[in-house]
Amino acid sequence: MTNRKNCDKLQEMENQIKNSVLIVDDENSIIMELAHILDSEYIVRAAKDGRTAIEAAETHVPDVILLDILMPEMDGYAVLAALKKSEKTKNIPVIFVTGLSDIGNEEQGLALGASDYITKPFSPAIVKIRVQNQIRAINQTRLIIEKELAEQSNRAKIEFLQRVSHEMLTPMTTIMGIAQIMKRTSTSRKTKEYIDEIDSASRSLLGLVHNLLDTSGQKDGASSLTSAVFSFSAMLKNVLEGIARSVEKKHQTLTADAAPAIPEWLLGDGERLAQVITNLLDNAVKFTPEYGKIHLVAGVINEDDESITLQFEITDTGIGMSKEQQSEIFDIFRQADESLTRKYEGIGLGLSIAKRIVEMMGGEIGVDSEPDKGSKFTFTCKMRKK
């Protein structure tokens, strides 16, 4: 699959970039003949002597040079030697095109660094193939370099994103802690309302920071799950309390039902499970209008002596989605509609992260929705019994 992608990328590069060829020969007829063979596919330039050829190569840096050997004043061997001494031109492939057919001449040319050797009279098809081979090798090298530079750039971006996100965590948790202390000690109702706003905004920003960290972890392969005993009811209570302020601000109704069959204590990554539920509830609140309804249902769909598979459904009476939008919402850095980003805020990371976490937990996630008829997100996950 990777090789196929590289081939497609190489073909795309060849279609977009018109490579250049420099023809060096003291005979006009040869220059015209070679130009006729090549100018439909390449940018063709010409030089009639060695000095002019070296200057043209330094100025235009062609992808391939077709070089005659027998020329007055400066022969092809001397031109090649000069090209190889220059940092700017030393890596340009040179193909000798000459009337010298002796094997010794070919050996001398290749020993000096020529990439290929064509004897006159030449076949147009052979010239085309030999030049194409050199161009393809050049483009392949460029593709490799381009890929390496892109990977280096991505790694640098991810490291920067992780570093900045971690730096933001400490002040955010400090702000939230102080807000809680102020709320407990304040007697003013108005002050408590302001503190609630600070706390709500801080939680939203903290969630964004965690999403950024998770996204960078996905990109560099660092995402992982932990396993610890956690209380299911306590986890769910914390999630609902965390979202309560946002629900209250929009005068929405949030209800939750958990099946009695769900064990109180489970072994798994409770924080990650809470993160998925929170992301889905955040989305439900965000895309549901004022006085709308959101309902969470948690149940058991399979279990054995050691493990249990849970299913969660988050239903809302929000704006809903088309089939086309549903096909995009779990893609990283994508949202169903860019205009929604501006209207409802957010950067479209939550659902892609939720999908990644659910899959790591051995589950699946999906959505059933229609425009203006709300949405129902369903996901499953597998946990160990304590």
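This passage walks through a predicted model of a protein, from its overall make-up to a few individual residues.

The chain runs to 386 residues, and 40% of them count as buried. Its secondary structure adds up to twelve helices and twelve strands. Looking at contacts with a sequence separation of 6 or more, 69% come from residues 24 or more positions apart.

As for confidence, the mean pLDDT of the protein is 85, with 87% of residues at 70 or more. Among the elements, strand E10 (residues 307-316) comes out on top with a mean pLDDT of 97, while helix H11 (residues 338-344) sits at the bottom with 49. Over residues 333-337 the pLDDT is below 50, although this stretch still has 17 contacts in the model beyond near neighbours in sequence.

Turning to the interior, the largest nonpolar core holds 39 residues, and the members touching the most others are Leu273, Ile277, Phe312 and Phe379. Two or more residues each come from helix H8 (232-249), H9, strand E9 (293-303), E10, H12, strand E11 (365-369) and strand E12 (375-385). H9 is the top contributor to this core, giving eight residues. Phe312 shows how these pieces meet: leaving out residues up to four places away in sequence, Phe312 touches Phe232, Leu273, Ile277, Leu296, Val297, Ala298, Phe377, Thr378, Phe379 and Cys381. There is also a second, separate core, made of 21 residues, with Leu22, Met74, Val79 and Ile92 among them.

Next comes a helix pair. Helix H9 (residues 270-286) packs against helix H12 (residues 350-360) at an angle of about 145 degrees, and the two axes are 9 Å apart. The crossing of H9 past H12 is left-handed. On the H9 side, the contact is made by Arg272, Gln275, Val276, Asn279, Leu280 and Asn283; H12 answers with Gly350, Leu351, Ile353, Ala354, Ile357 and Val358. Sorted by type, the residues of this contact come to seven nonpolar, four polar and one charged.

H9 also carries Leu281, which counts as buried because its relative accessibility is 1%, under the 20% cut-off. Beyond its neighbours within four places in sequence, Leu281 is in contact with Val239, Leu240, Ile243, Leu254, Ile294 and Ile314. Leu281 and Thr315 are 34 residues apart along the chain, yet their C-alpha atoms are separated by 9.1 Å.

Strand E10, the element with the highest mean pLDDT, is where Gln311 sits. With a relative accessible area of 23%, Gln311 is partly exposed. Its contacts, setting aside neighbours within four places in sequence, are Val297, Ala298, Gly299, Ile301, Thr378, Phe379 and Thr380. In C-alpha terms, Gln311 is 9.7 Å from Ile365, with their positions 54 residues apart in sequence.

Over in helix H6 lies Met172, another residue that counts as buried, here at 8% relative accessibility. Met172 is in contact with Ser202, Leu205 and Leu206, once neighbours within four places in sequence are left aside. The C-alpha atoms of Met172 and Asp199 are separated by 9.9 Å, the two residues being 27 apart along the chain.

Finally, some backbone details. A cis peptide bond joins Lys120 and Pro121, with omega at about -5 degrees. Pro121 belongs to the loop between strand E5 (116-119) and helix H6 (124-185). Positive phi values also turn up in residues other than glycine. One is Glu73, where phi is near 70 degrees; Glu73 lies in the loop between strand E3 (64-67) and helix H4 (76-85). At 84% relative accessibility, Glu73 counts as exposed, since the cut-off for that label is over 50%. Tyr291 is another non-glycine case, with a positive phi of about 65 degrees. Tyr291 is in the loop that connects H9 and E9, and its 60% relative accessibility places Tyr291 in the exposed class as well.

Conventions
Residues are numbered from 1 along each chain as its sequence is written. This is a predicted model: local features need pLDDT of at least 70, side-chain atom pairs count only at pLDDT 80 or more; totals for chains, interfaces and linings use all residues. Side-chain values use heavy atoms; hydrogens and water are left out. Axes are lines fitted to C-alpha atoms, for helices over the stretch in contact, and angles run from 0 to 180 degrees between N-to-C directions. Helices (H or I, at least four residues) and strands (E, at least two) are DSSP runs, numbered from the N terminus. A crossing is left-handed if the near helix is turned anticlockwise from the far one by less than a right angle, and right-handed if clockwise. Contact means heavy atoms within 4.5 Å. Ala, Val, Leu, Ile, Met, Phe, Trp, Tyr, Cys and Pro count as nonpolar, Asp, Glu, Lys and Arg as charged, and the others, Gly among them, as polar. pLDDT is the predictor's confidence in each residue, from 0 to 100. A nonpolar core is a set of buried Ala, Val, Leu, Ile, Met, Phe, Trp, Tyr and Cys residues joined through side-chain atoms within 4.5 Å. Buried means under 20% relative accessible area, exposed over 50%, partly exposed in between (1.4 Å probe, protein chains only).
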